[in-house]
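Got your viewer open? Let's take a short walk through this protein, one selection at a time.

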Amino acid sequence: MRAENSATSPTAIAVTTPAAEHSDTEASTTSTPGSAAGALATTRPALRGTLQAALGVAAFSLTFPATAWGLEGFGPWSLVAVRSVLAALIAGGCLLALRVPLPERRHWAGLAVVAAGVVLGFPLLTTLALQTSTTAHAAVVVGLLPLTTALFSALRVGSRPSRTFWFAALVGAASVAAFTVQQSGGALTTADLYLFAALLVCAAGYTEGGRLARVMPGWQVVGWAVVLCLPLTVPAAAVALSFEPVQLTWHGVTGLLWVAAGSQFLGLVVWYRGMAAIGIPKASQLQLAQPLLTLVWSVLLLGEHLTVAAPLTATAVLVCIAVTQRTRG
């Protein structure tokens, strides 16, 4: 208490030495927003957010190959329901262990959108699509997700990216769309319709989840969303497992575990943290790299063959990513 009083008294201020004044001036100079220290303090969270969003993209890039593996041992409805239940058990355990309080009532509507789009809608629609589509084809169709998410973000949270941002995003989306049409022979299939519907519901879930991640930790957004689905996923899993045959193969179990723990929970945790740090539009453009990563996994894990158009699309997409990450909203 005595130290506090002396520090704040007029006498203490009056006897400040020149050296102390110099050190105070130096400290205030180095802490100004325009200084190197201020720039570094601003850059570090952005870099960390970009890294987290990139880790989320890497986790998501394995979703389609893992789903294809899972379909070797489970039916589509069983796979989606069981993965959601397992993800809810992981998330619920974390929430209970850390004694996280229930979200405020005003956040439940947003969590419901995340649950409907990311936890239920996207996994179900893409799993149905992968029954008749290759993972490579599905990956390039879902490559339109960044632009769709940016559009939802502009409508929902009022973000206004620059014209350069939109131009680069449209070029990236056009490249992915051209690749998709070339791969499918110019005709849309039922699987494509499933995938386009998945784009819409997932973009809505990403946008709402990114908004919520600004007011609560990202892992809690994901955790409460999957837990919210338990009243639907538990009965659905019981019914689906009773009607669809199950073969506990190594591929099937590994695929199920990855889509439950990696794609449905851990990937979303770092993804939402990244979106909260760098913004929804910029984070969404990192997903332009997701179909290209999935193409690599489809070759390495599933033995699928790529066309010559793949490296050309990769080059165009990577350029678009670089442009969007340098533009300001």
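Here comes a tour of two helices that meet, followed by a stop at a single residue. Keep in mind that this is a predicted model.

**Stop 1: helix α5.** Select residues 63-70, which make up helix α5. Is this helix mostly enclosed or mostly open to the outside? Seven of its eight residues are buried, so α5 is largely enclosed by the rest of the structure. To see the buried ones, pick Thr63, Phe64, Pro65, Ala66, Thr67, Trp69 and Gly70.

**Stop 2: add helix α14.** Now select residues 250-278 as well, and you have helix α14. The axes of α5 and α14 come within 7 Å and cross at roughly 140°. That angle makes α5 oblique to α14. Turn the view until one helix lies in front of the other: the crossing of α5 and α14 is left-handed.

**Stop 3: where they touch.** Show side chains on Thr63, Ala66, Thr67, Trp69 and Gly70 of α5. Across from them, α14 brings several residues to the contact, including Trp250, His251, Leu256, Trp258 and Ser263. What kinds of residues make up this contact? Between α5 and α14 there are six nonpolar, eight polar and no charged residues.

**Stop 4: Asp192.** Leave the pair and jump to helix α11, residues 190-212, where Asp192 sits. Is Asp192 buried or exposed? Asp192 is buried, as its relative accessible area is 0%. Finally, add Val141 to your selection and draw a C-alpha to C-alpha distance: Asp192 and Val141 are 7.4 Å apart in space, although 51 residues separate them in sequence.

Conventions
Residues numbered from 1 in each chain as written. Predicted model: local features only at pLDDT ≥ 70, side-chain atom pairs only at ≥ 80, totals over all residues. Heavy atoms only, no water. Axes fitted to C-alpha atoms, helices over the stretch in contact; angles between N-to-C directions. Helix = DSSP H or I, 4+ residues; strand = E, 2+ residues; numbered from the N terminus. Parallel < 35°, antiparallel > 145°, perpendicular 65-115°, else oblique. Left-handed = near helix turned anticlockwise from the far one by under 90°. Contact = heavy atoms within 4.5 Å. Nonpolar A, V, L, I, M, F, W, Y, C, P; charged D, E, K, R; others polar. Buried < 20%, exposed > 50% of the residue type's maximum accessible area, 1.4 Å probe, protein only.
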